[in-house]
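Please work through the exercises below with the sequence and the model at hand, trying each task before reading its solution.

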Amino acid sequence: MTVRAAVDRLRGTRPVILPSLLLCDFGNLEREVRHLERADVQGLHLDIMDGSFVPNLTYGLPIVRALRRLTDLPLDTHLMMVHPERYVDQFIEAGADVITFHVEAVENPRPLLARIRQRGAGAGIALNPETPLAHIEGCLDLCDLVLVMSVPAGFGGQSFDEVALEKLDQLRRTVPPEVMLEVDGGINDQTIATCARVGAAYFVVGSAIFRHDDYPAVIRRLTELAQSC
Ligand code: DX5
Ligand code: ZN
């Protein structure tokens with residue numbers, strides 16, 4: 001599948017639960033991926049943290065390459081790093097389909113969004129809870145995806161911040177419907193429906209999936225709740 005086809009596939013499916021692999025068992029990556037595929041997930045969310053933009057350090061290119069070899073699922077790559085412009089080409093070569101970087105990490109997001117698109121990947125911009133929506137308004141025309149953080153980027157297992165709801169509501173009214181509105185952080189059976197109601201259709205879920213054994217049951221339940229709006 002080409003990168004564009006993967007992005008179109010993601011864009012054409014709503015709602016989508018995107019498991020964040022932060023808490024998965026990396027010693028058994030293939031088993032985890034098969035388990036998620038059997039649960040009918042439509043994509044995987046990869047949290048790349050550099051220990052500088054955020055205090056936490058996760059994984060990078062080798063894991064993206066390994067996942068690319070293991071699955072055809074769209075790889076939704078969330079770069080929480082300084083100087084994302086130094087790495088996006090490598091992430092695309094490694095197999096990332098959507099590349100999202102943080103507006104707080106760059107001076108002007110426009111050239112980088114344009115470059116990601118030019119390379120055939122989906123371009124996404126992310127903003128932290130404390131960052132006003134005004135900071136991304138000037139680049140929305142270049143975005144395939146907008147990632148509204150409902151926790152400060154950096155760690156799984158944090159509590160949902162309602163500031164994300166106002167932003168999603170605003171965005172839904174201003175961006176064209178083909179732009180994917182994604183929410184990330186503290187998404188579970190208590191918070192997902194409210195996010196869907198204000199326009200999110202792509203839901204990143206970490207601890208609510210990986211702290212359970214039965215991924216299919218959790219994913220089915222979350223999908224139903226997101227559809228119920
Ligand atoms: C936070 C990450 C998230 C996070 C989601 O910086 O971007 O993807 O791991 O985890 P939960 O669902 O546990 O908040
Ligand atoms: Zn994320």
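Three exercises follow, each with a worked solution.

This is a predicted model, in which local features need pLDDT of at least 70 and side-chain atom pairs count only at pLDDT 80 or more, while totals for chains, interfaces and linings use all residues. Residues are numbered from 1 along each chain as its sequence is written, chains are lettered from A and ligands numbered from 1 in the order in which they are written, and side-chain values use heavy atoms, with hydrogens and water left out.

**Exercise 1.** Describe the shell of residues that surround ligand 1.

*Solution.* Begin with the count: 20 residues surround ligand 1, the closest being Asp47, Gly154, Asp184, Gly206 and Ser207, where a residue is taken as near if one of its heavy atoms lies within 4 Å of the molecule. Next, sort this shell by class, which gives 8 nonpolar, 10 polar and 2 charged residues, with Gly counted among the polar ones and Asp, Glu, Lys and Arg as charged. Then turn to the elements, which are DSSP runs numbered from the N terminus (helices, H or I, of at least four residues; strands, E, of at least two). The largest share of the shell, 3 residues, comes from E2.

**Exercise 2.** Find side chains with an N or O atom in polar contact with an oxygen atom of ligand 1, then state how much of the ligand is covered.

*Solution.* A polar contact here is a pair of N or O atoms within 3.5 Å. The side chain of aspartate 47 places such an atom 2.7 Å from an oxygen atom of ligand 1; for serine 20 the distance is 3.3 Å, and for histidine 78 it is 3.3 Å. As for cover, the protein takes up 99% of the 380 Å² of accessible area that ligand 1 has on its own, by the Shrake-Rupley method with a 1.4 Å probe.

**Exercise 3.** Examine arginine 11, proline 15 and aspartate 40 for local features.

*Solution.* Start with arginine 11, which forms a salt bridge with aspartate 8, their closest N and O atoms being 3.4 Å apart (the criterion is a side-chain nitrogen of Lys or Arg within 4 Å of a carboxyl oxygen of Asp or Glu). Because the two residues are 3 apart in helix H1 (residues 3-11), about one helical turn separates arginine 11 from aspartate 8. Proline 15, in the loop between H1 and strand E1 (16-19), is joined to arginine 14 by a cis peptide bond with omega about -5°. Finally, aspartate 40, in the loop between helix H2 (29-38) and E2, has a positive phi near 65°. Most residues other than glycine have a negative phi, and most peptide bonds are trans.

Definitions and conventions: Polar contact = N/O pair within 3.5 Å; in protein donor to acceptor, adjacent residues only side chain to side chain.
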